[in-house]
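Dear colleague,

I am passing on the structure below, together with some notes on what turned up when its charged side chains were examined. Please read the notes with the structure open beside you.

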Amino acid sequence: MGTVFTDEATRRQLLADGTLKPGSKEGSYDLTGIEFGGKRYPGVDHMDVQTTPFPAASAIGIDEPTIVTIGYGFLRQYKTVWDYRLKRIYLLAR
């Protein structure tokens, strides 16, 4: 689970290209084609899509137009290393 924060035009494009698909829960979406550092990862089910800016973006210095928040359901599949200074999360095989 998680949330995609983006504008309406990008939401429509993600739906059109199949990156976002209507989910099994009412009002949710499944996110596919996730890629970090050139490596593809399994999709995330039951995502919420908000066409508003990520509330904490400016406070933490993020100016990206589209932000994806992911939760424990995705991260538990990996060992993670969190680099707060560089604002990166490294996903490692278990």
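**Helix H1 and its ends**

Helix H1 is followed by Gly18, a residue whose phi is positive, near 85°. Please keep in mind throughout that this is a predicted model. At the N-terminal end, H1 is capped by Asp7, which places a side-chain oxygen 3.4 Å from the backbone nitrogen of Ala9.

**Salt bridges**

When the whole structure is searched, 2 salt bridges are found. One of them joins the side chains of Arg11 and Glu8, with a distance of 2.7 Å from N to O. These two residues are 3 residues apart in helix H1, which spans residues 8-16, and so about one helical turn separates Arg11 from Glu8. Their surroundings can be described as well: Arg11 counts as buried, because its relative accessibility is 18% and the cut-off for buried is under 20%, whereas Glu8 is partly exposed, with a relative accessible area of 30%.

Glu8 also meets the side chain of Arg12 in a salt bridge, here with 3.6 Å from N to O. Both Glu8 and Arg12 belong to helix H1, where they stand 4 residues apart, about one turn of the helix. Arg12 is partly exposed, its relative accessible area being 47%. Through salt bridges that share partners, Glu8, Arg11 and Arg12 are joined into one network.

**Asp30**

A charged residue outside that network deserves a separate look: what does Asp30, which is buried, have around it? Asp30 lies in strand S3, made up of residues 29-31. Although Asp30 is buried, it has no salt bridge, and the nearest side chain of opposite charge, that of Lys21, is 7.8 Å away. A salt bridge would require a side-chain nitrogen within 4 Å of a carboxyl oxygen, so the distance to Lys21 does not qualify.

The side chain of Asp30 does have a polar atom that lies 3.3 Å from the backbone nitrogen of His46. If neighbours within four places in sequence are left aside, Asp30 is in contact with Thr19, Leu20, Lys21, Pro22 and Gly23, and also with Val44, Asp45 and His46. Lys21 is thus among the contacts of Asp30, even though the two side chains form no salt bridge.

With best regards

Notes. Residues numbered from 1 in each chain as written. Predicted model: local features only at pLDDT ≥ 70, side-chain atom pairs only at ≥ 80, totals over all residues. Heavy atoms only, no water. Buried < 20%, exposed > 50% of the residue type's maximum accessible area, 1.4 Å probe, protein only. Lys, Arg positive; Asp, Glu negative; His and termini not counted. Polar contact = N/O pair within 3.5 Å; in protein donor to acceptor, adjacent residues only side chain to side chain. Contact = heavy atoms within 4.5 Å.
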